[in-house]
There are 4 protein chains.
Amino acid sequence: MTAPDDLPDAIHRLRLRVYYEDTDLAGIVYYANYLRFIERGRSEWVRARGIDQIALRRDADIVFAVRRVEADYLIPARFDDEIEVTTRLVELGGARIVVDQQVLRAGAVLFAARVTLACLTSTGRPARLPAALRARLAPPAP
Amino acid sequence: MTAPDDLPDAIHRLRLRVYYEDTDLAGIVYYANYLRFIERGRSEWVRARGIDQIALRRDADIVFAVRRVEADYLIPARFDDEIEVTTRLVELGGARIVVDQQVLRAGAVLFAARVTLACLTSTGRPARLPAALRARLAPPAP
Amino acid sequence: MTAPDDLPDAIHRLRLRVYYEDTDLAGIVYYANYLRFIERGRSEWVRARGIDQIALRRDADIVFAVRRVEADYLIPARFDDEIEVTTRLVELGGARIVVDQQVLRAGAVLFAARVTLACLTSTGRPARLPAALRARLAPPAP
Amino acid sequence: MTAPDDLPDAIHRLRLRVYYEDTDLAGIVYYANYLRFIERGRSEWVRARGIDQIALRRDADIVFAVRRVEADYLIPARFDDEIEVTTRLVELGGARIVVDQQVLRAGAVLFAARVTLACLTSTGRPARLPAALRARLAPPAP
C-alpha cells in the first residue's frame with residue numbers, strides 16, 4: 001500500500017473534448033463511453049510515469065486487465081463539453097492496482113469510478129508487478 | 001421491493017455474437033463494451049415487458065438514466081463468441097430500478113453487474129415510475 | 001469475376017436492432033456505426049459460407065482487411081428500428097473481394113456501400129485467396 | 001466553389017492519440033473508428049472557424065449531415081500512435097460542403113477520405129448555408 005497523495009503530481013489530469021461519437025439520442029454522453037474516457041486517462045497516466053505499455057508487453061509479457069469497476073454517474077456530460085479525467089493511485093498490491101478516477105467539467109464532478117486492475121501475463125495468468133514498474137507508479141516520498 | 005424471481009420469466013435472456021468491433025488489441029472484448037451488451041439486454045427486457053421506450057418518452061416524458069454500475073470482469077469474451085445477456089430485476093423503488101445483469105458463454109459467467117437506473121423527466125428531474133409501468137416490470141405473483 | 005446473383009442465396013441478410021449505443025445527439029444512428037453494422041453483416045456472410053475466420057487466421061495465416069469504402073447515407077436509421085444488412089459479392093479477384101452492402105428498414109434502403117477487402121497474411125503482406133475459400137464464397141453455378 | 005488552398009490556415013490539423021478503445025483484435029485501428037477520428041477533425045475545424053454547432057442548431061436550426069464518404073485505408077494505425085487528422089475544404093455549394101480529410105502518422109498518409117456533408121434543418125429538410133457561415137468556412141482571399 002502506498003500513499004502518493006502528498007506528492008505534487010499525485011493526481012494525473014487529461015483534458016478531453018466531447019464529440020458527436022460520445023453522445024446518444026438523449027443528448028448526453030452514452031454511459032459506456034465514460035469507461036472509454038477513463039481508460040484514456042489511465043493510458044496517459046502510465047505514460048506520464050514513464051511506462052511504455054507496448055514495451056511492457058513485448059519485453060516483460062505484462063498486461064493490465066480491468067477486474068472491477070464501481071462507477072457513479074452524477075451529472076451528464078454533453079456535446080462539445082471540455083472535460084477533465086483525473087487518475088489517482090489508491091492501492092498498489094503485489095499483482096493489482098486500484099485507482100480512483102473522475103470526469104470533471106469546470107471543477108464539478110460528473111462521474112466517479114474506482115477501477116481495479118490486475119497484472120497479468122499475455123496469456124492471462126496473474127503476474128507480480130515488476131519492481132521497476134512499481135517504483136514508477138508510486139515513487140517513494142522524499 | 002418486489003421479488004419476481006419465482007416468476008417463470010423472471011430472468012430475461014438475449015443472445016448476442018461478439019464481432020470485431022467489440023474486441024481490442026488484447027484479442028478480447030474491450031471492457032467498456034460489456035456495458036453496451038447489457039444495455040441491449042435492458043432494452044430487450046423492457047420491450048419484452050411491453051414497454052415502448054420511445055412512447056414512454058413522448059407520451060409520459062419519462063426516461064431511464066444509469067446512476068450506478070458495479071461490474072466484475074471474470075473471464076474475457078472473445079471474437080466470434082456466442083454470448084448471452086441476462087437481466088433480472090432486484091429492486092423496484094419509487095423512482096429507481098435496480099437490475100442484476102450477467103454475460104455468459106456456454107453457461108459460464110464472464111461478467112456480472114448490478115445497475116441502478118433512475119426514472120427521470122426528459123429534462124433530468126426525478127420522476128416517479130408510473131403505475132402502469134411498474135405493473136409491467138414486476139407483475140404481481142399469482 | 002463471378003456472377004453469383006442468380007444463386008438463390010446470393011444475397012446474405014442479417015437482421016439487427018438499433019440500440020442507444022448506436023445513436024448520437026441528433027437522434028439518429030451515428031455515421032460511423034453503419035460501418036459496424038455492415039461488418040457484422042460480412043462476418044455472418046462468411047460464416048454462412050462455412051468460413052471460420054479464426055481458423056483461417058490460425059491455420060492459413062489469412063486475414064481480410066478493408067481497403068476502400070464508398071458509402072452513401074440516404075435515410076437515417078433511428079433508435080429501436082429493426083434493420084436488415086444485406087451483403088452481396090460483386091467481385092472475387094486473386095487477392096481481393098468486393099461486396100455491395102445495404103442497410104434497409106421495411107424494404108427502404110437507408111445506407112448503401114461498396115467495400116473492397118484485401119486478403120493479407122497476418123503480418124500485412126498480400127496473399128492469394130486459397131482455392132477452398134474461393135469455392136465457398138462463390139460456388140460455381142449448377 | 002472556393003479555393004482556400006492558398007490561405008495560410010487552409011488545412012486544419014488535429015493531433016490525436018490512438019487508445020485501446022480504437023483497436024481491434026488484429027492489433028490495428030478498427031476501420032469504422034477512422035470515421036470517428038475525422039469527425040473530431042471536422043468538429044475542431046468548424047470550431048476553429050468560429051462556428052458553434054450548438055448555437056447553429058439552436059438559433060438557426062441548421063445541422064450538418066454526412067451524405068457520402070469515400071475512404072481509402074492505406075496503412076494501419078496502431079495502439080499508442082500519435083496521429084494527425086487534416087481537414088481541407090474542397091467545395092462549398094449552396095447547401096453542401098465537401099472536405100478532404102486525411103489521417104497521418106509522422107507525415108505518412110494512413111487514411112484518406114472525401115466527405116460530403118449536407119446542410120439540413122433539424123427536421124431533415126435541405127437548408128441553404130447561411131451567408132455568415134459561408135464566410136467563416138471560406139474567407140475571401142485577401
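Me: What is the mean pLDDT of chain A?
Reply: This is a predicted model, and its confidence in chain A can be stated per residue and as an average. In chain A, 92% of the residues reach a pLDDT of 70 or more. The mean pLDDT of chain A is 91.

Me: Over which residues of chain A is the pLDDT below 50?
Reply: The stretch concerned has nine contacts in the model beyond near neighbours in sequence. Its pLDDT is nevertheless below 50, and it covers residues 1–6 of chain A.

Me: Which ipTM does the model score?
Reply: Two scores apply to the model as a whole. The pTM is 0.93, and the ipTM is 0.91.

Me: How many bridges join β3(A) to β4(A)?
Reply: Strand β3 of chain A spans residues 82–92, and β4 of chain A spans residues 96–105. A hairpin of three residues joins β3(A) to β4(A). Within this pairing, A:R88 has A:D100 as its bridge partner. The two strands run antiparallel, and the number of bridges is eight.

Me: In β3(A), which residue is the bridge partner of A:L16?
Reply: Strand β1 (residues 11–17) of chain A pairs with β3(A) in the antiparallel sense, over seven bridges. The partner of A:L16 in β3(A) is A:I83.

Me: Which element gives the most to the side of chain A that touches chain B?
Reply: In the interface, 14 residues of chain A are in contact with 14 residues of chain B. Both α1 (33–48) and β2 (62–73) of chain A supply at least two residues of the side of chain A that touches chain B. By class, that side has nine nonpolar, no polar and five charged residues. The element that gives the most, with nine residues, is β2(A).

Me: Which residue of β2(B) stands opposite A:D72?
Reply: The β2 strands of the two chains, residues 62–73 in chain B, pair with each other. They do so in the antiparallel sense over five bridges. Opposite A:D72 stands B:R68.

Me: By what kind of axis are the two copies related?
Reply: A turn of 180° and a shift of 0.0 Å along the axis lay chain A on chain B with an RMSD of 0.0 Å. The copies are therefore related as by a two-fold rotation axis.

Me: Which residue of chain A comes closest to the rotation axis?
Reply: Of the interface residues of chain A, 100% are also interface residues in chain B, so the copies meet through the same surface. The C-alpha that comes closest to the axis among the residues of chain A lies at 2.2 Å, and the residue is A:E70.

Notes: Residues numbered from 1 in each chain as written. Chains lettered and ligands numbered in written order. Predicted model: local features only at pLDDT ≥ 70, side-chain atom pairs only at ≥ 80, totals over all residues. Contact = placed C-beta atoms within 7 Å. Helix = DSSP H or I, 4+ residues; strand = E, 2+ residues; numbered from the N terminus. Nonpolar A, V, L, I, M, F, W, Y, C, P; charged D, E, K, R; others polar. Pairing = 2+ DSSP bridges. pLDDT = per-residue confidence, 0-100. Least-squares fit on C-alpha atoms with pLDDT ≥ 70 in both.
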